[in-house]
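Visitor: I am new to this structure and would be glad of a close look at a single part of it. Could you take one stretch, go through it carefully, and then set it among its surroundings?

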Amino acid sequence: MLRFILIRLGQAIPILLAIYTITFFMVRAAPGGPFSQERKVAPHILEQQMEYYGFNDPTYIQYFRTLWQHISFDFPPLTSYPGLTSKDIILDTFPVSLELGILAMFVAIAIGLPVGILAAAKKNSLLDYAPMSFAMIGICLPTFVIGPLLALLLGVWLGWLNISGWFSWSDRILPALTLGLFYAAYIARLTRGGMLEALNMDYIRSARAKGASERAVVLVHALRGGIMPVISFFGPALAGLISGSFVVETIFQVPGLGRHFIQAALSRDHSLILSTVLFYAALIIIANMVVDIAQVMLNPKLRYG
Amino acid sequence: MSVQIELETEAQPRSPWKDAWFKLSENRLAMIGLGVFLIMVSLCYASPLFYPHSPTFQTLSFGATPPLTMAIEVRYDAEAIEPDETITPKEFSDLYAENPASDVTRIRDGEILDINGIVFRKSPKIHLLGTDSHGRDLMARIFQGGRISLGVGFLATFVSLLIGVLYGSISGYVGGKTDAFMMRLVDILYALPFLILVILLMVVFEGSDHQLLLIFLAIGAVEWLTMARIVRGQVVNLKNQEFIEAAKATGVRTHVIILRHLAPNILGPVIVYATLLIPAVMLLESTLSFLGLGVQPPNASWGTLIKEGAEKMMVFPWLLIVPAAFFSITLFSMNFLGDGLRDALDVKSSKD
């Protein structure tokens, strides 16, 4: 197991380096520097700023300097938030995104898993068709349609919740629901598929033959195998959660990292874009690794095979 | 009343494509999807020919009127052909009407009113879905936005098709170390969230003159990964099959093998994936536009319309609901059509 983790970590280094290089040259290639969009400043001040942020140095020096800054966690000052570094922004805003993501995943599992299990257990009944049609809708409808519509319904017409902000616990409901519903739908479909496959296995027949109750068969015996597709979905789901957080944080004015990344892209803050992309990439690599390990631990076939 | 029974039907050989079409036409959901999609496309692209309102023309007095609002033509000279002004019923009853409640109803019923020498009548051009906050006809804007959203969907899908098929078939055909390297690259790109990559590309291209062109290039440049995987898998599978070997052995020339034996077998999955890719691309484009990184005003796409609607939903909910409905219906129809095609062409679901 340790060897496995070490190999995966070793593979992560060239990937991160490649992502760093691509991102670095992409933001450099972008027209207009970080100062071009703001109001006009006097040329000597602009010159001073360019010097201060190191934009006057040759590109290769900037490339290696920024690389070293990221390796040593000593981040350069930001152009869009003077006095702060990417580390400050990420440490400040990522917990918010993390909270949103965890809540959304909780919503997704709390809705998706039972619905999927029930649909598989009562295959081809109303309990199967009705939720699965809803799941299809949930997958087709984009977040930025569901979000405002939910806000309109629950926030404006019914007046139960605030439509934006991130202050009280009730402000968490709309963003988490919006982000979670898509995954709820997806998890419901995956669970149903996995459970149906598992329920057809021989060991389920054995369990029934030895007299296990239907409840035990479904929830104990079948679930262990049936849940595997859901577990392997968590890796890609994280990437989706990150993309989703861009939209959801923008809709509901949540002060998370996703919104800051969009802001950084809009205001051409080179170092914030770069740091955030690297941060997200590292996060995804780690998450995929954890998912792989979890799969190996849950599935004896992979452990000994 | 005679019932004709054809006793002898000639057994016609059916090509796999006809077979697929038959299966598809049996699938009701998919056919509805196809119909809705065709209607949507023709409405969007043909609307300038018959729809009376322009998506850019602003009637200032018509800021954000709800659907089916009647427009009232104002003529200071009863004989004038063109009205001097068009106003909303609210304006009419606030400013001109002697008897606000009944006058509006009378105009709605088609009566021509003459109040103090000013002639009022119902305008034949009503704003079917109301207007946006700048007084532009919402329906016309939705059609215009649809042209851009659908156009980006088609073109980006075409770009990703081109890249994906080329990349995948080279990788699959050459095989060996080249294949391993090319697919490893795809894996790495897969690990990045698509949206981050597209956002980076948009930042690179932002503000250039051909922004629309660049949007679908950017999206196409990202969405080809799955296509490349599918095509590669197919090519690797087919390359070693007996019928290809047999064709080679009987001396069929290479380009004939590729066109006649390889291409039709790859085409099925490619068509299915492309059909499902169009709504996915439209979704991506709209998400970008929603975030402010995609289509820029005065152009509109369904994403920017939904964004505008979401900003104003507290007061003018139809500005959100109507574009969202158009967008969702189109996405649904494409997804149903794609699923139907998948069944009809008997393509095993891809592992993405």
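Guide: What follows begins with one helix of chain A and then moves outward to its surroundings. Residues are numbered from 1 along each chain as its sequence is written, while chains are lettered from A and ligands numbered from 1 in the order in which they are written. This is a predicted model, in which local features need pLDDT of at least 70 and side-chain atom pairs count only at pLDDT 80 or more, whereas totals for chains, interfaces and linings use all residues.

The helix is α4 of chain A, residues 86-121, where a helix is a DSSP run of H or I with at least four residues, numbered from the N terminus. Among the elements of chain A, α4(A) has the highest mean pLDDT, 87, and helix α13 (residues 300-304) the lowest, 63; pLDDT is the predictor's confidence in each residue, from 0 to 100. For chain A the mean is 80, with 94% of its residues at 70 or more. Where pLDDT is low, the predicted coordinates should not be read in detail.

With its 36 residues, α4(A) reaches 49 Å from its first C-alpha to its last, close to the expected 52 Å, a span reckoned as 1.5 Å times one less than the number of residues. Along α4(A), a kink of about 35 degrees lies at A:T93, shortly before the proline A:P95; such a bend is the angle between axes fitted to the seven residues ending there and the seven starting there.

Helix α5 of chain A, residues 126-140, has 15 residues and reaches 21 Å, close to the 21 Å expected. Its residues A:P131, A:A135, A:G138 and A:C140 are buried, a term for residues with 20 or more other C-beta atoms within 10 Å of their own, these atoms being placed from the backbone. The cover over the buried residues of α5(A) includes α4 and α7 (173-199) of chain A, together with α12 (318-344) of chain B.

Chain B also meets chain A in a contact that takes 36 residues from chain A and 32 residues from chain B, where residues are in contact if their C-beta atoms, placed from the backbone, lie within 7 Å. The elements that give two or more residues to chain A's side are α1 (2-29), α6 (143-157), α10 (228-251), α11 (257-266) and α12 (270-298) of chain A.

Conventions:
Contact = placed C-beta atoms within 7 Å. Buried ≥ 20, exposed ≤ 12 C-beta atoms within 10 Å, placed from the backbone.
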